[in-house]
2 protein chains.
Amino acid sequence: MKRKPSLEATAAWIRLMRVQTKVLDAVEQELKKAGFPPLAWYDALLELSRAPAGELRPVELERQMLLPQYSTSRLIERLVDEGLAVRRECKIDKRGQFVEITEAGRELQKKMWGAYSAAIEKHVGSKLSDADATKLCGLLDRLGCSCSEAQSPAIGEGASAR
Amino acid sequence: MKRKPSLEATAAWIRLMRVQTKVLDAVEQELKKAGFPPLAWYDALLELSRAPAGELRPVELERQMLLPQYSTSRLIERLVDEGLAVRRECKIDKRGQFVEITEAGRELQKKMWGAYSAAIEKHVGSKLSDADATKLCGLLDRLGCSCSEAQSPAIGEGASAR
DNA sequence: GATGACTAAATGCATATGCATGTAATAGTC
DNA sequence: GACTATTACATGCATATGCATTTAGTCATC
């Protein structure tokens, strides 16, 4: 009788948890040391900056970032408090609003990308050939039902979720 | 001029973050729905149950679990509050202590493994052949500088970190 | 155009986390 | 054996998170 989660599957699970934690912590630490806010802010700013008029409904941001509703609400609150985004009235739907990235927000996003990309290179890029990175993507996608969304950042910026 | 973190590396980074979050959330949710405490409790109980006399110094547990010191301290506090572990005096080093798993702790760990292993199978095992799981392990280990520690759980129980 | 079901966003409250520091014991040094 | 540095663990306090609920607006149906 076969073991149910095979030893191989269990080992993969453990690695996935441990390695992600380790790499994420390392990257977050580098951003923090460089005096930047958490990665989640970057992700939100990136999503906003990519959006049509630099603005998005909170509910859309929520879906993009895979965050709970209240979490998105508070993230936006912080961005607005820091002048990185502004709330705009939503005429189509009075329940809602638009959140628009400010110039300061765009600048911060670009500056963060410098530190962020260096961290990705250090902790991922430098440890894997492009071919292996692609293999890893393929295997991970099988687990995640694809985090697809037609990824093709023109100038190249990453996202992260969480 | 080559892009620094290659698109492949960036894509791998994104997948790693997203897929891990998704899978971990799914597994944690299943444990919670089954009325069990968080995964971190399982990990701690497993480490304790595997240790020589079912006991470990907090500082050892901390290293095993890759958790910050204060986090370990509070985790132990909760386990003790729930009667899953007890604190024992450490005669060798009066600053320290030993934490020993109780019978209730061992039972909970075993019961949790039922739900936990099913979740691993559902979210990882069933989506990957053993060969692919092994490939994934190999690639992840390259990023994590191996989460080695001679993993070979006799009866098969997973760990997780975080 | 009133009613009930549903969606968008915010928030009160309990718990968890991170950081810095505190306390106590050990180890090394002169 | 006093003095300093270091290690083990706990904890006060500020901030963050999760959950459930609230408020307000939309939509479908009658």
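This is a short tour of the contact between chains A and B and of the protein surface near DNA strand C. The model is predicted.

**Stop 1: the two chains together.** Select chains A and B. Superpose chain B on chain A: a rotation of 180° does it, with 0.0 Å of shift along the axis and an RMSD of 0.0 Å. The two copies are thus related as by a two-fold rotation axis.

**Stop 2: the interface.** Now show the contacts between the chains. On chain B, 51 residues take part, and they meet 50 residues of chain A. Select α1 (7-33), α5 (103-123) and α6 (130-144) of chain B; each gives at least two residues to the side that touches chain A. Then keep α1(B) alone. The largest share of that side, 18 residues, comes from this helix. Colour the side of chain B that touches chain A by class: 25 residues are nonpolar, twelve are polar and 14 are charged.

Which surface does chain A use in return? Of the interface residues of chain B, 98% are also interface residues in chain A, so the copies meet through the same surface.

**Stop 3: DNA strand C.** Move to strand C and select the 18 residues around it. The nearest are Val59(A), Tyr70(A), Ser73(A), Gly96(A) and Lys94(B). Next, pick out α3 (58-65) and α4 (69-81) of chain A, then α4 (69-81) of chain B; these elements each give two or more residues to the surface near the strand. Stay on α4(A), which supplies the largest share, five residues. Finish by colouring the surface near strand C by class: seven residues are charged, six nonpolar and five polar.

Technical notes:
Residues numbered from 1 in each chain as written. Chains lettered and ligands numbered in written order. Predicted model: local features only at pLDDT ≥ 70, side-chain atom pairs only at ≥ 80, totals over all residues. Contact = placed C-beta atoms within 7 Å. Helix = DSSP H or I, 4+ residues; strand = E, 2+ residues; numbered from the N terminus. Nonpolar A, V, L, I, M, F, W, Y, C, P; charged D, E, K, R; others polar. Near = placed C-beta within 6 Å. Least-squares fit on C-alpha atoms with pLDDT ≥ 70 in both.
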